[in-house]
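Hi everyone, thanks for making time. I'd like to walk you through a structure that's new to most of you, so let's put it up on the screen.

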Amino acid sequence: NIMKLSKLNILAQVANMTLKSKNFAHTQEGIQPIIDAIKPITAIDVGLNNHYLNNNTSKSGPIIYQHIFENSNISMGIFLFPAKTLIPFHDHPKMSVITLNLFGSARVRVLNPESNKGKLEAFEVLDRVTNAGEMLTCFPNHGNIHQIEAITNFAMLDIFLPPYDHITRVCHYFKVSPLKRKENGRNYFDIQSIPDPYIEMIEEPYQGQRITIDI
């Protein structure tokens, strides 16, 4: 009975079933069941206690990743950012990603790449501050390049649909120029693929609700 499952188990089950559907599409409508399943999840559900929730002052240190679950269809994990840390512009090729802000605030910039006379550039889809409880999405053909910069201590739950496979779904990082031009109400930038930058990040054990169902 799905009603007796924890919120994390429901999310994993819904996400896996959605990706396995022969009618699945990487669109807002296609991932809506997963969005509905992720909405109720809180920081407490994923094991982030008051030590994290009440500590929003600026502290140096690495970004922390806590891995929850992965199979061939989905991957779930938590990223904990100390204030003023960032993951620079990067992409998610052939993937959709749903991000739930668990606590804190971060500036998120999202770009759409396109080719202009053989040169890679991008226009800005989003540049805003996200706060606790808000969600962000990216798709293979819309908003696939983004940068996340913590303002306060900040945590997010990410679900990747499907996961990186390091073969055809490989993460790329980008250098983004200052504003190049404005056209039709859009801000355009030159972007350039760069080698993977050094990001101070460590992995810690996940402490929240476990995925206990066989999917």
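Okay, first a caution: what you're looking at is a predicted model.

Let's begin with two helices. Leu-11, Val-14, Ala-15, Thr-18 and Leu-19 from helix H1 are in contact with Gly-30, Pro-33, Ile-34, Ala-37 and Ile-38 from helix H2. If you sort that H1–H2 contact by class, you get 8 nonpolar residues, 2 polar ones and no charged ones.

How do people usually describe a pair like this? You give the angle between the two axes and the distance between them. Here, H1 covers residues 7-20 and H2 covers residues 28-38, and they pack at about 175° with axes 9 Å apart. Angles over 145 degrees count as roughly antiparallel, so that's what we call H1 and H2.

Now, on to the pockets. The largest pocket holds about 500 Å³ of space. It has 24 lining residues, and the ones closest to its centre are Phe-79, Phe-160, Tyr-164, His-166 and Cys-171. Which strands supply at least two lining residues each? Those are E1 (63-70), E2 (75-81), E3 (86-91), E8 (145-150) and E9 (154-161). By class, the lining splits into 14 nonpolar, 6 polar and 4 charged residues.

One last residue: Arg-169. You'll find Arg-169 in the loop between E9 and strand E10, which is 173-176. Is Arg-169 buried or exposed? Its relative accessibility is 17%, and the cut-off for buried is under 20%, so Arg-169 counts as buried. Leaving aside residues up to four places away in sequence, Arg-169 touches Pro-93, Lys-94, Met-95, Pro-162, Pro-163 and Tyr-164.

That's my tour, thanks for listening!

Key: Residues numbered from 1 in each chain as written. Predicted model: local features only at pLDDT ≥ 70, side-chain atom pairs only at ≥ 80, totals over all residues. Heavy atoms only, no water. 1 Å grid on protein atoms, 1.4 Å probe; cavity = no way out; pocket = protein on both sides within 12 Å on 5 of 7 lines; lining within 4 Å. Points joined across faces, edges and corners; volume = space filled by probe spheres on them. Helix = DSSP H or I, 4+ residues; strand = E, 2+ residues; numbered from the N terminus. Nonpolar A, V, L, I, M, F, W, Y, C, P; charged D, E, K, R; others polar. Buried < 20%, exposed > 50% of the residue type's maximum accessible area, 1.4 Å probe, protein only. Contact = heavy atoms within 4.5 Å. Axes fitted to C-alpha atoms, helices over the stretch in contact; angles between N-to-C directions. Parallel < 35°, antiparallel > 145°, perpendicular 65-115°, else oblique.
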